[in-house]
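Colleague: I'm new to this one and would like to understand the reasoning behind its description. Could you show it to me and take my questions?

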Amino acid sequence: MSNLVERTAKSDFNLGTQPIRKGQIVNLDALQLDQLVAAGCVERSDALNALVPVASLPDTQRLAEVNAPVDAEQALLAEARQIADQELAELDRRTSERRAAALAELERFNTEHTGALSDARTRADTELSGITNEVTEARRKADAEIAEIQGGVSAARAAADAELAKIAQEVEDAKSKNKGSK
């Protein structure tokens with residue numbers, strides 16, 4: 001810190017991220033001094049610097065000392081946030097892994113059971129088709145038997161009608177013979 005020069009700010013400016021107000025005393029290195037002199041914010045010589053009015057503001061060294069505990073707490077807070085963020089990221093990662101595993105298990109379950117369901121449907125459809133074919137065949141046979149029976153009934157009826165007609169003819173013939181013999 002022996003390379004630092006103490007100067008009084010002639011106007012407001014920022015030293016890094018720290019705002020400096022007019023009249024505030026700051027400690028500057030050679031590069032900062034050159035830049036701020038060129039910008040008209042501070043004087044180069046000690047004599048001209050002594051003429052710059054000093055405000056009742058704390059100098060940056062005292063601000064740094066006063067802010068040191070706050071800065072330390074902020075650093076601890078930042079570290080705690082970083083640790084919490086890492087823990088949250090780890091929880092997110094594990095949650096994501098578990099979600100992916102659960103989805104994979106669900107997909108496997110669905111595939112397995114969808115396949116079993118599909119197989120059961122196929123078997124049921126095959127059995128139903130077989131039963132339908134059996135019913136169709138039984139109907140065809142029953143219709144054939146009914147047709148055969150109806151054909152037999154029609155033939156028997158026709159034969160019976162013919163026999164009745166023959167008997168009726170014989171009865172007529174016999175009546176006619178009996179009339180002719182009397």
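Modeller: Happily! This is a predicted model, and buried residues make up 10% of the 182 residues in the chain.

Colleague: What makes a residue count as buried here?

Modeller: A buried residue has under 20% relative accessible area. In this chain, 10% of the residues meet that cut-off.

Colleague: Why is the chain called more spread out than a compact globule?

Modeller: For 182 residues the globule rule gives 16 Å, but the radius of gyration is 59 Å, well over that value, so the chain is described as more spread out than a compact globule. Along its principal axes, the C-alpha trace spans about 185 × 30 × 25 Å.

Colleague: Which elements does the chain have, and in what order do they run?

Modeller: There are three helices and four strands. Starting at the N terminus, the order is β-β-β-β-α-α-α.

Colleague: What makes a group of residues a nonpolar core?

Modeller: The members are buried nonpolar residues joined through side-chain atoms within 4.5 Å. The largest such core has 10 residues, including A9, F13, L28, L36 and C41. Strand 2 (13–15), strand 4 (25–28) and helix 1 (30–38) each supply at least two of its residues.

Colleague: Which residues does C41 touch, beyond those up to four places away in sequence?

Modeller: With contact meaning heavy atoms within 4.5 Å, C41 touches T8, A9, K10, S11, F13 and L36. Among these partners, A9, F13 and L36 belong to the largest nonpolar core, as does C41 itself.

How values were computed: Residues are numbered from 1 along each chain as its sequence is written. This is a predicted model: local features need pLDDT of at least 70, side-chain atom pairs count only at pLDDT 80 or more; totals for chains, interfaces and linings use all residues. Side-chain values use heavy atoms; hydrogens and water are left out. The radius of gyration is taken over C-alpha atoms; the globule rule is 2.2 Å times the number of residues to the power 0.38. Buried means under 20% relative accessible area, exposed over 50%, partly exposed in between (1.4 Å probe, protein chains only).
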